[in-house]
Amino acid sequence: MKRLFMDVIFLLLLLLPSSVFAGVPLDTVQVNVNKVLEVLRDPALKPVSAKTVKKEKLRVIYERMFDEVELSRRALARHWNSLNAAQRQEFVHLFRQVLENAYIDKILSYTNEKIVFDRERMLSANQAEVTTRIVTSSKTIPITYRVIQKGGIWKVYDVVVENVSLIQNYRTQFNEILNGQKPEQLLQTLRKKVKEQQ
Amino acid sequence: MKKLRLSVFFLLVLSIVAGSADRSDASIFPAGTVAPLQQGIAGESIHEAPVVRGLPEMSATPGPMHVQGMQICAAAAVRTEEKAEGDEEAGNVSDPMESLNAPEAEGAEETDVSDDLESDYLPEEGEEQPTVTISDPLEPFNRAMYHFNDKLYFWLLKPVGQAYGKVVPEPARISVRNFFSNLAFPFRFLSCLLQADFRGVATETGRFTVNTIWGIGGFLDASSSRELNIPKQDVDLGQTLGVYGVGHGFYFVWPVFGPSSLRDSADIVGGFFLDPVNYLNPWYTPAAVHGYEAVNETSLTIGDYEALKGAAIDPYVSIRDAFVQYRKKKIDARKVKMEHSGSVETQKK
């Protein structure tokens with residue numbers, strides 16, 4: 001009987017790597033991040049004049065990497081349901097611009113920091129968490145990507161930087177606004193924000 | 001007996017095949033049953049410790065643990081096999097959750113945005129618990145303090161930090177940071193002690209000794225080098241109270257010190273006694289030293305605050321939420337660590 005247990009345990013150990021290090025979500029994130037790095041490192045795009053080209057290329061990768069609608073839906077949470085289709089579409093568009101304007105300079109200022117892909121963890125049947133680290137000379141920044149699988153593709157719907165979830169942070173802010181105001185007013189605030197950023 | 005063994009083997013092979021054939025291996029398991037357990041077994045660095053929480057008896061009685069854990073694994077393997085067969089028969093039925101979220105997505109390479117837009121938000125179980133909030137009865141005062149600190153940063157700290165950063169090379173600034181971090185040893189020592197984390201106490205004492213002697217008074221973080229690898233304990237006094245179940249109380253923005261709460265102010269108050277710098281004479285020296293420390297730190301993190309502020313719709317709310325999230329994770333990480341090390345110790349006995 002004891003022998004049997006040993007066998008089973010041994011077999012379970014064999015089983016482990018296939019499920020723990022399965023890596024489809026991790027691979028997807030890694031492939032996309034590497035594509036971003038490729039654009040950032042491209043010597044042909046080094047001059048300042050190539051900034052728009054760079055941005056355009058990054059935008060394409062962003063679309064493939066992120067699930068914009070899921071991102072927006074989760075950021076608004078229950079308030080999402082009170083937006084009509086047109087408002088939703090505009091919200092997704094504006095939210096994306098806010099994010100892009102806020103983070104593009106930070107991304108473009110990349111200078112050979114090392115990115116380490118640590119592990120993935122399944123959150124549910126179709127959601128996972130990919131843990132990464134950006135290692136710079138002065139610090140290490142933990143970044144976790146939450147990904148969701150739709151139609152066989154894993155896409156990012158939340159980024160957790162230094163233990164702070166982006167979506168949850170925006171959710172608190174949107175919640176604060178929408179608790180006293182109409183969706184239209186939120187859109188107005190976002191339009192203003194986008195204008196300010198440019 | 002032998003037949004049973006063979007059948008178990010066969011079962012496992014099947015589950016492996018089913019596992020690798022599936023799009024994502026863990027998804028064949030019912031969420032939350034086996035996947036965390038496996039991670040618990042494999043997890044060197046995974047401290048979520050679902051094992052400990054899910055099966056509390058395990059840590060106390062090492063003997064039955066294997067049996068129990070195995071029964072669950074075996075049961076899951078059976079379920080896996082059933083599910084795999086079911087999938088084959090039904091021709092790749094997608095998960096109910098998936099079909100809820102993206103009814104049209106199946107087969108389509110790119111998710112059709114306009115269709116996806118129509119699906120409503122449904123809070124799901126696997127998701128993070130509802131937004132953690134903090135009461136903010138002093139919001140007008142806090143907002144005023146936020147603006148004060150904001151101006152302090154943009155008008156004073158940032159320009160001075162930038163100028164300083166141009167003169168002093170980065171490695172030197174990192175050394176200065178290490179020096180101040182080493183000086184904050186009493187905080188970490190006391191926090192570990194109060195959390196009854198004696199391993200942490202020993203680690204911190206060792207670090208302080210090594211860094212002070214071999215790290216030339218703390219300018220080099222020799223303990224964190226690859227050879228020694230003694231990591232700094234991520235502890236403070238507010239967190240210690242949090243580990244013991246004390247809540248935030250309410251949000252409070254200190255002038256100069258920044259976001260805090262009633263509970264986390266323990267660090268600011270404790271700092272007057274624990275920070276060796278405060279015992280320096282004459283009376284203005286501590287302020288000067290802390291000012292220098294702030295400038296040094298700013299010079300290493302220029303751009304972080306700007307990014308946070310630039311991305312926010314309401315920076316005050318954004319920072320408050322970031323503070324709450326950050327503190328919560330820090331306390332949770334500690335709780336998990338304590339549970340984890342506690343269970344390891346009981347198992348050893």
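## A predicted two-chain model: one residue, one sheet, and confidence

B:Ser181 has its place in helix 9 of chain B, the helix that covers residues 170-183. In this predicted model, B:Ser181 counts as buried because its relative accessibility is 17%, and the cut-off for buried is under 20%. Once residues up to four places away in sequence are set aside, the contacts of B:Ser181 are with B:Arg188 and B:Lys232.

Chain A holds an open sheet of 5 strands, which follow the order 1-2-3-4-5 with antiparallel pairing. Its edges are strand 1 (114-124) and strand 5 (164-165) of chain A, each of which pairs on one side only. Helix 4 of chain A, residues 68-76, packs on this sheet and touches strand 2 (127-135), strand 3 and strand 4 of chain A, while its direction makes about 45° with that of strand 4. Within the sheet, strand 3 (residues 140-150) and strand 4 (residues 153-161) of chain A run antiparallel and are joined by 8 bridges, and A:Thr144 stands opposite A:Val160, which lies in strand 4 of chain A.

As for confidence, the predictor gives the complex an ipTM of 0.80 and a pTM of 0.69. Chain B has a mean pLDDT of 71, with 62% of its residues at 70 or more. The table lists two stretches of chain B where pLDDT is below 50.

| Stretch of chain B | pLDDT | Contacts beyond near neighbours in sequence |
|---|---|---|
| residues 16-112 | below 50 | 120 contacts |
| residues 344-349 | below 50 | 5 contacts |

Where pLDDT is low, predicted coordinates should not be read in detail.

Methods
Residues are numbered from 1 along each chain as its sequence is written. Chains are lettered from A and ligands numbered from 1 in the order in which they are written. This is a predicted model: local features need pLDDT of at least 70, side-chain atom pairs count only at pLDDT 80 or more; totals for chains, interfaces and linings use all residues. Side-chain values use heavy atoms; hydrogens and water are left out. Helices (H or I, at least four residues) and strands (E, at least two) are DSSP runs, numbered from the N terminus. Buried means under 20% relative accessible area, exposed over 50%, partly exposed in between (1.4 Å probe, protein chains only). Contact means heavy atoms within 4.5 Å. pLDDT is the predictor's confidence in each residue, from 0 to 100. Two strands pair if DSSP finds at least two bridges between them. Axes are lines fitted to C-alpha atoms, for helices over the stretch in contact, and angles run from 0 to 180 degrees between N-to-C directions.
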